[in-house]
Amino acid sequence: MPAFTKKAIADSFLKLLREKPLDKITIKDIVEDCGINRNTFYYHFSDIPALVETILKEETERVLGERLGEDSWEEGFIAATRFALENKRSIYHIYNSVNREIFEQYLNQIGMDVMERFVWKAAERFDVSEEDKKLMASFYRAALTGMILDWLASGMKYEPEEVVRRLGVMLDGSIEAAFARVAGT
């Protein structure tokens with residue numbers, strides 16, 4: 001029963017978040033929408049920011065569980081934006097709230113995982129240090145998550161998948177070329 005209740009609370013919260021900004025949602029709103037009492041809410045979550053963090057952590061685990069990124073970093077970043085698109089208004093409300101940092105952590109965690117997988121695979125043919133691989137993954141993670149944050153800041157007005165795929169074409173081979181230079185091959 002607790003897993004079902006926890007999901008029902010999260011679903012009610014996401015529903016309310018589609019209707020109004022995060023700072024306008026109260027625990028009372030959530031429990032009334034969900035049909036539970038306050039104690040049940042507090043059994044699962046200490047407060048609304050903890051609920052937001054749990055939702056984003058679970059989404060992060062889901063995306064990372066898909067094992068995206070080894071052959072295509074683009075698919076990993078598209079998966080990260082898919083949740084934002086499916087919950088556009090909710091994510092926009094989180095992004096424009098005091099809980100923005102939680103969403104940025106979500107993006108950074110997914111971005112780093114995706115880029116590490118891709119960079120480590122790209123580095124297999126080259127004699128490069130762990131530090132260089134980490135540096136490359138961190139650089140691309142920062143650039144790509146920065147673009148996603150810019151997309152959010154602009155109100156999500158364009159389709160991110162198109163931009164990510166265009167970047168994939170533009171950057172194709174750049175990581176391998178950089179590793180070739182570092183390795184002296």
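## Contacts, salt bridges and a pocket

Leaving aside its neighbours within four places in sequence, Thr145 is in contact with Phe77, Leu107, Asn108 and Gly111, where contact means heavy atoms within 4.5 Å. The structure is a predicted model, in which local features need pLDDT of at least 70 and side-chain atom pairs count only at pLDDT 80 or more, while totals for chains, interfaces and linings use all residues. Residues are numbered from 1 along each chain as its sequence is written, and side-chain values use heavy atoms, with hydrogens and water left out.

Thr145 belongs to helix 8, which covers residues 130-153; helices here are DSSP runs (H or I, at least four residues) numbered from the N terminus. Is Thr145 buried or exposed? Thr145 counts as buried because its relative accessibility is 3%, the classes being buried under 20% relative accessible area, exposed over 50% and partly exposed in between (1.4 Å probe, protein chains only). A polar atom of the Thr145 side chain lies 2.7 Å from the backbone oxygen of Arg141.

Lys157, by contrast, sits in the loop between helix 8 and helix 9 (160-171), and it counts as exposed because its relative accessibility is 72%. Although Lys157 and Val128 are 29 residues apart along the chain, the distance that separates their C-alpha atoms is 40 Å.

The charged side chains come next. A salt bridge is a side-chain nitrogen of Lys or Arg within 4 Å of a carboxyl oxygen of Asp or Glu, and by this rule the model has nine salt bridges. Three of them are set out below, each with its N to O distance.

| Salt bridge | N to O distance | Relative accessibility |
|---|---|---|
| Lys7 with Asp11 | 2.9 Å | Lys7 52%, Asp11 37% |
| Lys57 with Glu53 | 3.5 Å | Lys57 48%, Glu53 32% |
| Arg165 with Glu161 | 3.2 Å | Arg165 36%, Glu161 31% |

Lys7 and Asp11 are both in helix 1, four residues apart, which is about one turn of the helix. Lys57 and Glu53 are likewise separated by about one helical turn, because they are four residues apart in helix 4. In helix 9, Arg165 and Glu161 are also four residues apart, so about one helical turn separates them. This last pair takes part in a network of salt bridges that links Glu75, Glu161 and Arg165. Lys7 counts as exposed, whereas Asp11 is partly exposed.

What lines the largest pocket? Its lining consists of Lys6, Lys7, Ala10, Asp11, Leu14, Ile55, Glu58, Glu59, Arg62 and Phe83, so Lys7 and Asp11, the pair joined by a salt bridge, are among the lining residues. A pocket is an open set of points on a 1 Å grid where a 1.4 Å probe fits, with protein on both sides within 12 Å along at least five of seven lines, and lining residues have an atom within 4 Å of a point. The space in this largest pocket is about 200 Å³, a volume being the space filled by probe spheres set on the points.

Helix 1 (2-19) and helix 4 (48-65) each supply at least two residues of this lining, and helix 1 gives the most, with five residues. By kind, the lining residues divide into four nonpolar, no polar and six charged, where Ala, Val, Leu, Ile, Met, Phe, Trp, Tyr, Cys and Pro count as nonpolar, Asp, Glu, Lys and Arg as charged, and the others, Gly among them, as polar.

How values were computed
Polar contact = N/O pair within 3.5 Å; in protein donor to acceptor, adjacent residues only side chain to side chain.
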